[in-house]
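Here's a quick walk through one structure, written for someone who has it open on screen. Have a look first, then read on.

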Amino acid sequence: MGMLDAAYGSSVASGARFLRLLADETRLRILALLSKTPDLCVCEFVAILRLPQYQISRHLGQLRRSGLLATRREGPFVFYSIADGARRHTVHRLILRAVPKLACSAEGRGLRVLRGRSILRPARAG
């Protein structure tokens with residue numbers, strides 16, 4: 001296998017890992033929420049998604065290690081947002097743009113307000 005073949009094989013493997021990362025409904029819902037709200041902490045994800053803290057933390061860790069999420073600490077809270085690098089990367093940007101449509105189950109729950117901000121759009125009538 002030549003050097004070019006090795007590089008191609010490596011990029012295909014990393015692409016496959018990235019797509020497997022997005023194959024989880026909870027991670028898609030997390031990304032959909034973050035596409036609408038600049039920063040959320042674990043406790044806010046727990047309240048919105050109604051999942052245990054350990055599950056949310058596990059999914060956030062996987063997304064952070066992949067480079068899709070960035071963190072910011074304020075006292076005891078860690079706030080998550082979509083990483084600037086992911087917003088600049090062409091493929092990631094396109095996928096992030098499609099995530100709200102893919103995570104339609106989060107949209108169907110109607111309007112939620114957290115910290116005075118609308119998290120999800122109201123469900124459309126009709």
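What follows covers the sheet, the helices that pack around it, and a few individual residues.

**The sheet**

Keep in mind that this is a predicted model. Start with the sheet: it's open, has three strands in the order E1-E3-E2, and pairs in antiparallel fashion. Strand E1 (40–41) and strand E2 (69–74) sit at the edges, each pairing on one side only. Helix H2, spanning residues 25–36, packs on this sheet and touches E1, E2 and E3. The direction of H2 makes about 85° with that of E3.

Now zoom in on E2 and strand E3 (residues 77–82). These two run antiparallel, and six bridges join them. Want some pairs to click on? Thr71 has Tyr80 in E3 as its bridge partner, and Arg73 stands opposite Val78, also in E3. The hairpin of E2 and E3 has two residues between the strands, and there Gly75 takes a positive phi near 60°.

**H2 and its helix neighbours**

Besides packing on the sheet, H2 crosses two other helices, H6 and H4. With helix H6 (residues 90–102), the axes come within 8 Å and cross at roughly 110°. An angle from 65 to 115 degrees counts as roughly perpendicular, so H2 and H6 are roughly perpendicular to each other. Their crossing is left-handed. On the H2 side, the residues involved are Leu28, Leu31, Ala32, Ser35 and Lys36, and they meet Leu96, Val99, Pro100 and Leu102 in H6.

How do H2 and H4 cross? Their axes come within 10 Å, at roughly 70°, which makes H2 roughly perpendicular to H4 as well. Here Thr26, Arg27, Ile30 and Leu31 of H2 meet His59, Leu60, Gln62 and Leu63 of H4. Leu31 turns up in both sets, meeting H6 and H4.

**Two residues in H4**

His59 belongs to helix H4, residues 53–65. Leaving aside residues up to four places away in sequence, His59 touches Asp24, Thr26, Arg27 and Ile30. Gln55 is in helix H4 too. Gln55 and Thr26 are 29 residues apart in sequence, yet in space they're 9.1 Å apart, C-alpha to C-alpha.

**Buried or not**

Here's how those two compare with a pair of cysteines.

| Residue | Relative accessible area | Class |
|---|---|---|
| Cys41 | 3% | buried |
| Cys43 | 44% | partly exposed |
| Gln55 | 23% | partly exposed |
| His59 | 3% | buried |

Why does His59 count as buried? Buried means under 20% relative accessible area, and His59 has 3%, so the label applies. Gln55, at 23%, is partly exposed because that value lies over the 20% limit for buried and under the 50% one for exposed.

What about the cysteines? A disulfide is a covalent bond between the sulfur atoms of two cysteines. How many disulfides does a search of the whole structure find? Zero. Cys41 is buried, with a relative accessible area of 3%, whereas Cys43 is partly exposed at 44%.

Terms used: Residues are numbered from 1 along each chain as its sequence is written. This is a predicted model: local features need pLDDT of at least 70, side-chain atom pairs count only at pLDDT 80 or more; totals for chains, interfaces and linings use all residues. Side-chain values use heavy atoms; hydrogens and water are left out. Two strands pair if DSSP finds at least two bridges between them. Helices (H or I, at least four residues) and strands (E, at least two) are DSSP runs, numbered from the N terminus. Contact means heavy atoms within 4.5 Å. Axes are lines fitted to C-alpha atoms, for helices over the stretch in contact, and angles run from 0 to 180 degrees between N-to-C directions. A disulfide is a pair of cysteine sulfur atoms within 2.5 Å. Buried means under 20% relative accessible area, exposed over 50%, partly exposed in between (1.4 Å probe, protein chains only). Angles under 35 degrees count as roughly parallel, over 145 as roughly antiparallel, 65 to 115 as roughly perpendicular and the rest as oblique. A crossing is left-handed if the near helix is turned anticlockwise from the far one by less than a right angle, and right-handed if clockwise.
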